[in-house]
Amino acid sequence: MSFSGKIREELLQHYAKARHCNLAELSAIVHMTGAFSQDKKGICVMKLHTENLGVARKCFTLLEKTFNIRTDIAIRRNMSKGSCNYYIFAKGEELLAVKNTIVQAVCCKRAYIRGAFIASGSMSDPSKSYHFEIVCNTQDQAEHLKNMINSFDMEAKIVSRKKTYVVYLKEGSQIVDILNVMEAHVALMELENVRIMKEMRNSVNRKVNCETANINKTVSAAVRQIEDIKYIQDTVGFEKLPEGLKDVALTRLAYRDATLKELGELLETPLGKSGVNHRLRKLSEIAEKLREQ
């Protein structure tokens, strides 16, 4: 099962205790996947369509819990695709409460976002990338959902896609927050484990890359130093060099892979890293002047 599927399955099992939260969740599901109309007598009619049996069952249960009204379900099977479409129909003036729900309490906002994700949300595999989205039918619907998500100190954004509007989050930490808001705690823990493993791998890779770069830099510097020292040896020799420079030159030729610290310890008169580096720079300057001549 995909990570989106795991989140949805977890949320489908979650039912709020308060009626107003159930109403908010039901409102989100219906607005994302259904529509309202009126019959000839002016009574409110609700129609909902989904390809997910769990979503259909959740909507049916919420209608029963919240209003205890009659609900009809029709199932159409697509034999060629091996899939099913579920249609839910309900009628009653009570449904106006679903149509015109105003979500203000924090608990109800959690329920509404949960319902919106159940109906039309998805999330990428966190081991590959971080992307959380909920597809809305209208821009007003998307703006309403975005503002509700951002009321929890997040930065959801909207992008248009074909004839729909997508509310999305891309930051891993904010996706953790939205899972917490929706109360998908099992999925949250799984995501956190993936984030920890990815951060550990990235940290190790950064250290390896840094160490590799330092090694390459050290090796390049050593090769250049040896070339300069050999050039001095082949042109004017070491006899006219001061004893300190001669000592460093001979030691570098003898210990080509040694670090500056190790070179300093190998000299006749031990020297620190900065002292060794200073003398090697002097040798490079001498070699450069000889090349110019």
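Two strands are taken to pair if DSSP finds at least two bridges between them, and the elements themselves are DSSP runs numbered from the N terminus, with helices (H or I) of at least four residues and strands (E) of at least two. The model is a predicted one, in which local features need pLDDT of at least 70 and side-chain atom pairs count only at pLDDT 80 or more, whereas totals for chains, interfaces and linings use all residues. Residues are numbered from 1 along each chain as its sequence is written, and side-chain values use heavy atoms, with hydrogens and water left out.

On these criteria, four strands form an open sheet with antiparallel pairing, in the order 1-2-4-3. Strand 1 (34–38) and strand 3 (71–78) each have a single partner strand and stand at the edges, so one side of each is left without a neighbour in the sheet. Neighbouring strands of this sheet are turned against each other by 20° on average, direction ignored, where axes are lines fitted to C-alpha atoms, for helices over the stretch in contact, and angles run from 0 to 180 degrees between N-to-C directions. Strand 3 is joined to strand 4 (residues 83–91) by eight bridges in an antiparallel arrangement, and R76 stands opposite N85 of strand 4.

Two helices lie across these strands, contact being defined as heavy atoms within 4.5 Å. Helix 2 (residues 19–33) lies across strand 1 and strand 2 (44–50), and runs at about 90° to strand 1. Helix 3 (residues 53–66), by contrast, lies across strand 2, strand 3 and strand 4, and runs at about 15° to strand 4.

Further along the chain, strand 6 (residues 132–136) pairs with strand 5 (residues 121–123) in the antiparallel sense over three bridges, with M123 opposite F132. Strand 6 is also joined by five bridges to strand 8 (residues 164–169), again antiparallel, and V135 stands opposite V166 in strand 8. Four of the five residues of strand 6 are buried (under 20% relative accessible area, 1.4 Å probe, protein chains only), so this strand is largely enclosed by the rest of the structure.

The structure holds one aromatic pair, the criterion being that ring centres of Phe, Tyr or Trp (its six-membered ring) lie within 6.5 Å, with planes under 30 degrees apart counted as stacked, over 60 as edge-to-face and the rest as tilted. F117 and F132 form this pair, which is stacked, at 5.3 Å centre to centre and 15° between the planes. The pair links helix 5 (residues 106–120), which holds F117, to strand 6, which holds F132, across 15 residues, and both F117 and F132 are buried.

Notes: Buried < 20%, exposed > 50% of the residue type's maximum accessible area, 1.4 Å probe, protein only.
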